[in-house]
Every structure is written in structure tokens, then in C-alpha cells.
Amino acid sequence: MPRSFHRTPAHTARYGRYQGGDPLAPPVEVQSALEAIGRDVMEGTSAERAMREYLRRGDRDRQGLDDLARRVRERRAEITRRHRLDGTLEEVRRLLEHAVLEERKQLVRDVDLDDDVRAFAEMRLENLPSSTAAAVNDLADYDWQSPSARADYDRIRELLGRELLDQRFAGMKNALENATDADRQAIREMLDDLNDLLEKRRLGEDTQEDFDEFMRKHGDQFPENPQNLDELVDAMAERSAAAQRMLNSMTPEQRDELLSLAEQAFGSPELMQSLSRLDDNLRSLRPGEDWSGSASFSGDEPTGLGEATGLMQDLSDLDSLTDQLSQAYPGARMDDIDLDALERLIGEDAAVSARTLRELEKQLRDTGMLQRASDGQLRLTPKAMRQLGRALLRDIATRQSGRMGRRETRNVGAAGDRTGSTREWAFGDTEPWDIPRTVSNAVLRTVLDGGDPSAGLRLDTRDVEVVETEQRTQAAVALLVDTSFSMALDGRWVPMKRTALALHHLISTRFRGDNLQLIAFARHAEVMDIEQLTAKDSVWDKGTNLQHALMLAQRHFRRNPTAQPVLLIVTDGEPTAHLRPDGHVYFAYPPDPRTVAATVRELDTVQRLGAQTTFFRLGEDPGLARFIDALARRAGGQVVAPELDDLGRAVVDSYLGARHAGRGTPEDFGDMLHGRSWWW
């Protein structure tokens, strides 16, 4: 067989092109993805859907699945707009016209030719059918006078044979160029043996030994080097089905021409008979392949049968990539995306983007940011909530520093008693290390990196935690947040959640002695943990039951009798609901005097408990402003009317100011992760 068909000998190691993208590119940034997913979750989207949406849209630094799918669709459209399927027919037509022209020239030049022979030959050439296939078949027994014309006609037969084989065996057209009779005989023997083997498989009578014997004889003609018959059948059925789809995509006239010409492949119908037998066997063994599909080509670039079959395979791969990138089917995973096909058909940059997205999804799951709950839903983990809270606090600190002209400071723990809290070391810290926490962090990091702590530890700056010291009192904090539908309707839903998350993170990491309770109030009030509040979706819920929320806040303060009560209320409306003595909710709008009276009674009780109260009024309604101002004066508290972007800063600053009440001038706000501040 031709040399190009020989397999490369097996090697134990092989060098190849680097597949991982830019080795100098920054690592996958999980934090930015987590923040984007967190924003969607706060807006009421499930964590599963939020992650899918992030993967679909990508971000500034990487293409998302939607962009990749768009490029796949554009590539598919480019193929169908660029090519047409009659390349082989056009080449046969060109060779036939040239052969006839050369033959006519020879008949005129050859003075020694018998006149009767010349006349008969000219008559046959003059009366050739208009159909190219019919003309080729009609000339099968013609006695050519011109060597050049005979060579062109023989090239037609060779071309048809090579193209038909190239349809089923990619690369065969080039491999059989200038093939000898021995090469063609080897192909016939291979087809006969292959059909015999496939028919034994159809009857369930084949063995691995049969396959091994076949590969021993004909393995040079299968560079894919299949290891068993199933692998061979899979590859060949895919190609054969693509060839059938190519035929389906031709016009009826083109298809009839091609099938008629196929009888002249290699000068006899034997090859076409063997290929038809092969197609029947493959169709029987792999009925699930797409044997009936088609595509519409409208381009100007002619393609041969083998190339057109390859294009049909490319279209099939592009359709599969479209499905894979959509991730819309049950059980879809990023691992389903065929990166090799994506790189081959779209480009290396597309494969790198998809690989990065896949790695990002894996890290979000494997690093403990997302986990499957008992109900089967994907949810943000406490670790993810801490990451989001830290980012929100950093944003709050940046806003405060920018508005008041301050730089970041790190004053916590500089002097005073140990608080029992620690924090991650940062450049410039002079506080003593917390040795147990530092060593524990190093052990955990070593294990997560696949190392063995018993073999020794190497400390990293990420492991170091420093001890915090501060003179402070304990606080019982109740954050009451309005979750009535007007909060979502007016765009205040997400800022409210971000505020709660920032305050929760600050208290849980910097003021661990304080006790925070989150209370959401709409028609009813209920205590929520931060995960519940963050994932809470906005629903149509008429009523703003501040009275019920104040009752829950009182219970929280009474459970912490030695702590300083701090009451923070975020709302955008007047109370329109309260609990009646029988436990049912009474609702009225405009606010009923009985609702107002019940709310004021509970606020008076909170005042008697000594709570430092701050109202955060959202919205510009004058009536709401007058009402909240009156409540604040009655409770001895204050009112803050922040812009939505400043809500988190206002709430956190008010909390810190309440903790410093009576202690003189507070410290600068600085970095919210480490500083303290009043609300000025």
C-alpha cells in the first residue's frame, strides 16, 4: 500500500503541542465569579442557575458559553455558505470534455486512420448524451485514438474510485494517488474481509481473534489503530453516515449522476457493490447514527466527495458542540464539551476559554464554594458567604476612605486585652502571631495541596494569623430588614441583602463576642440565618409588619441581658400590618391607627431595654420621612437616609458607632476589615 497509509510505531512518550493555553496567564479567578454568582443569588436566582448563567455570559476577561456557541453557529454558516457539493461531478465533466476535445483533434490529424473508423468515431462523439454520467458510461467500450484522451478517461475512473473510497476512509484519495493494480487489489481484499467480519458481528459470531487477524492483514489501512471491532465500527459508521448525509444534501439530479458514475469506479461496478455492502452492514450495526439528515450548501467553492463527507462530519460535530455549549439537557456538565473538536473547528482560543470555564466550575465545587443540599439544589456554602461578606466589607471600606479622605489603617489589636479573635496577617501588621491557628492553617493547606504534613511544614504568609486585642463591650445586635414586595419593586432588594451579609461577616469575623440576629419582616416577621436571607426570593407579600419584628428583637435582647442592645431597622414604608392578640395578622393601607399604636408600643419596650436605635429610611416619600423621624425621636435614636449604594456603609458604620457609645472619640474607620468608626 502507499507509504502514507502506514501507522506510526507506538512510543512510550510523545511530544506534542501544549494544550493548556497561555502558561503565563493568571490563574482562574474564583472570587470575581463568586461575586457575580452571589449577586444573582441575592436577586432571587438559585445558586445552580446563577452559576450556569455566569458560565454562559462569561466576564470581561473570558468568553462565556453563549459567545462560544455563537462562534460555533457562525462557523457552521460559513461552511454551508462557502462550499457546494458537486466538485467531483465538475471534475469528471472537465476531464470528459478535455478527453473528447483531444480525441476529436486526433481524429482530424490522423491521416492514416481508416475513413469508416473515423466517421464512426466522430458520430459517437457527436451523439454523446448530455448527461455527464451517461456519456462516461457510453464511452466505456470506446476505442480511443488519442493517448491523451484515453489517459483523461482513465483518470475519471481512478478519480471516482478514490473519491468513493475517501468517503468511507478519510485520506484514501491522496493515499491512492498513482496507485498500482496491486494497491487496488489490496483495497478489494480489505473490503471483502471487512464485510465478512461485520457480517459475523451482525450474527454474533465474531471473536477478538477475528478482529486481530483482520488488523494483522489490513492494519496499515487504518491509521486510527482501533483496539477492537467496536472502535472500528464506531469510526467507520460515523464516516459512512456522513457520506449518506452528503448524498441526501445533493439535488436529485446530482445524486442520480453520481450513482450512475459510481459504476465506472476503477473500471467496474465491483467497488461500488462492496461499498454498498459495507454501508448496509454499518447501518445495521449502528442504526442510531444520523443516516437521514442533510444540509443546505449555497457556496461557490466545489468540493469532492471525500472532502464533502468531511464537511458533513464537521457540521455534525458543530451541532454537537452547540448542544454541549448550551448545557440545556438533563445532567449537563462542562466536562461534556469536546475541547479537541472545539479547537479544531473554532480555534485554540475557544478551547482555552472553554477549558478555563470548566476549571472554574470545578474549583467552585471542589473548593467548597457550592454544595448540593439535601433537597438536591446547589447552594452557596458558608465559606462562599464569608468570601462574599469579605468582598462587601472591602467595598464599604473603599467607599468610606474615598468619601472622607482617609487611607486604610490597622489599629485593631495594637493595645488592650485579647479579644479571642484572630485575623489573617497583612503587610505592616505588628500584632503577635496566633501560633496554633497559624500552624493549623499550614497543615490544612499542605493536605489540600496533596502534601504530607508529617514530612514537615513550610509556612506561607497565607497561613499566618495575628492576635487581636481591644477594649470593648459585648453587643446584642438586631438587624431588621424590610422584605415586603416594594423593596424588590423599587430596586432595594439586593442592596438590603448585601448590607446584611456585610454586617454578618463583620460581626462573625471581627466581633465574635457580639450576637447578631437577622429579622426579616413583611406581612409577618421571622428570624433568618444569613444563608436563608441571601437566597430569599422576592414574592408578592402585602404588609410591613414592623411590630412583629420589634417583638422578635426584644426576645433577642432579653436572651442577652449583659450585652449592649443595638437595633438597626432598614425599611422603605410605614407599618401596614400588626399581630392581633389571637396571633392573626391585621393589614390595612393606608396605615391603620391601631397598627401604628401597636408598633409604637413595641418600640417603647425596646427603648426601655436600653437599645441604641437607628432607622435607615429608603425612599423620598415625605410622609414616610415624617413618620420615621417621629419614631426615632420617640426612641431616642437617629435616622439615616442613605443612597442605595451607601446603605451597607451606613449600617456598618452605625453599628460600629453604637459599640463605641460612651467611650469618647472613636477611631478612624479605615479598612472596614480592621478599623472602627462612627456614623457622622
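**Exercise 1. Which residue in E10 does Val481 stand opposite? Place the two strands concerned in their sheet.**

*Solution.* This is a predicted model.

Step 1. Find the partner. Val481 stands opposite Val570 in E10.

Step 2. Identify the strands. Strand E7 covers residues 475–482 and strand E10 residues 564–571. They pair in the parallel sense, over seven bridges. Another bridge partner in E10 is Gln564, which belongs with Ala475.

Step 3. Look at the other neighbour of E7. Strand E8 (residues 515–521) runs parallel to E7, and seven bridges join them. In E8, Gln517 is the bridge partner of Ala478.

Step 4. Widen the view. The sheet is open and has six strands, in the order E9-E8-E7-E10-E13-E14. Its pairing is mixed. Strand E9 (525–528) and strand E14 (638–640) are the edges, each pairing on one side only. On average, neighbouring strands are turned by 20° against each other, direction ignored.

Step 5. Add the helix. Helix H24 (residues 622–635) packs on this sheet and touches E10, strand E13 (612–617) and E14. The direction of H24 makes about 175° with that of E13.

**Exercise 2. Work out which residues of E7 point one way and which the other way. Then judge how enclosed the strand is.**

*Solution.* Step 1. Recall the rule. In a regular strand, side chains alternate between the two faces of the sheet.

Step 2. Sort the residues. Ala475, Val477, Leu479 and Val481 point one way from E7. Ala476, Ala478, Leu480 and Asp482 point the other way.

Step 3. Check burial. Eight of the eight residues of E7 are buried, so the strand is largely enclosed by the rest of the structure. That includes Asp482.

Step 4. Link to a core. Val481 and Val570 are among the 32 residues of a nonpolar core that lies apart from the largest one. Ala500 and Val566 also belong to this core of 32.

**Exercise 3. Describe how helices H7 and H13 pack.**

*Solution.* Step 1. Take the geometry. H7 spans residues 147–168 and H13 residues 270–285. Their axes come within 11 Å and cross at roughly 10°.

Step 2. Classify the angle. Angles under 35 degrees count as roughly parallel. H7 and H13 are therefore roughly parallel to each other.

Step 3. List the contact. H7 contributes Gly161, Leu164, Leu165 and Arg168. H13 meets them with Leu271, Met272, Leu275, Leu278 and Asp279.

Step 4. Sort by character. The contact divides into six nonpolar residues, one polar and two charged.

**Exercise 4. Is Ser274 buried or exposed? Trace its surroundings into the largest core.**

*Solution.* Step 1. Locate the residue. Ser274 is found in helix H13.

Step 2. Apply the cut-off. Buried means under 20% relative accessible area. Ser274 has 12%, so Ser274 is buried.

Step 3. Find its contacts. Not counting residues up to four places away in sequence, Ser274 touches Leu191, Asp192 and Asn195.

Step 4. Follow Leu191. With the same exclusion, Leu191 touches Leu165, Phe169, Leu271, Ser274, Leu275 and Leu278.

Step 5. Reach the core. The largest nonpolar core has 91 residues. Leu165, Phe169, Leu191, Leu194 and Leu278 touch the most other members. Helix H11 (residues 229–249) gives the most to this core, with nine residues.

**Exercise 5. How many of the chain's residues, in percent, count as buried? Add its secondary structure and contact range.**

*Solution.* Step 1. Of 680 residues, 49% count as buried.

Step 2. The chain has 25 helices and 14 strands.

Step 3. Take contacts between residues at least 6 apart in sequence: 72% join residues at least 24 apart.

Technical notes:
Residues are numbered from 1 along each chain as its sequence is written. This is a predicted model: local features need pLDDT of at least 70, side-chain atom pairs count only at pLDDT 80 or more; totals for chains, interfaces and linings use all residues. Side-chain values use heavy atoms; hydrogens and water are left out. Axes are lines fitted to C-alpha atoms, for helices over the stretch in contact, and angles run from 0 to 180 degrees between N-to-C directions. Helices (H or I, at least four residues) and strands (E, at least two) are DSSP runs, numbered from the N terminus. Angles under 35 degrees count as roughly parallel, over 145 as roughly antiparallel, 65 to 115 as roughly perpendicular and the rest as oblique. Contact means heavy atoms within 4.5 Å. Ala, Val, Leu, Ile, Met, Phe, Trp, Tyr, Cys and Pro count as nonpolar, Asp, Glu, Lys and Arg as charged, and the others, Gly among them, as polar. Buried means under 20% relative accessible area, exposed over 50%, partly exposed in between (1.4 Å probe, protein chains only). Two strands pair if DSSP finds at least two bridges between them. A nonpolar core is a set of buried Ala, Val, Leu, Ile, Met, Phe, Trp, Tyr and Cys residues joined through side-chain atoms within 4.5 Å.
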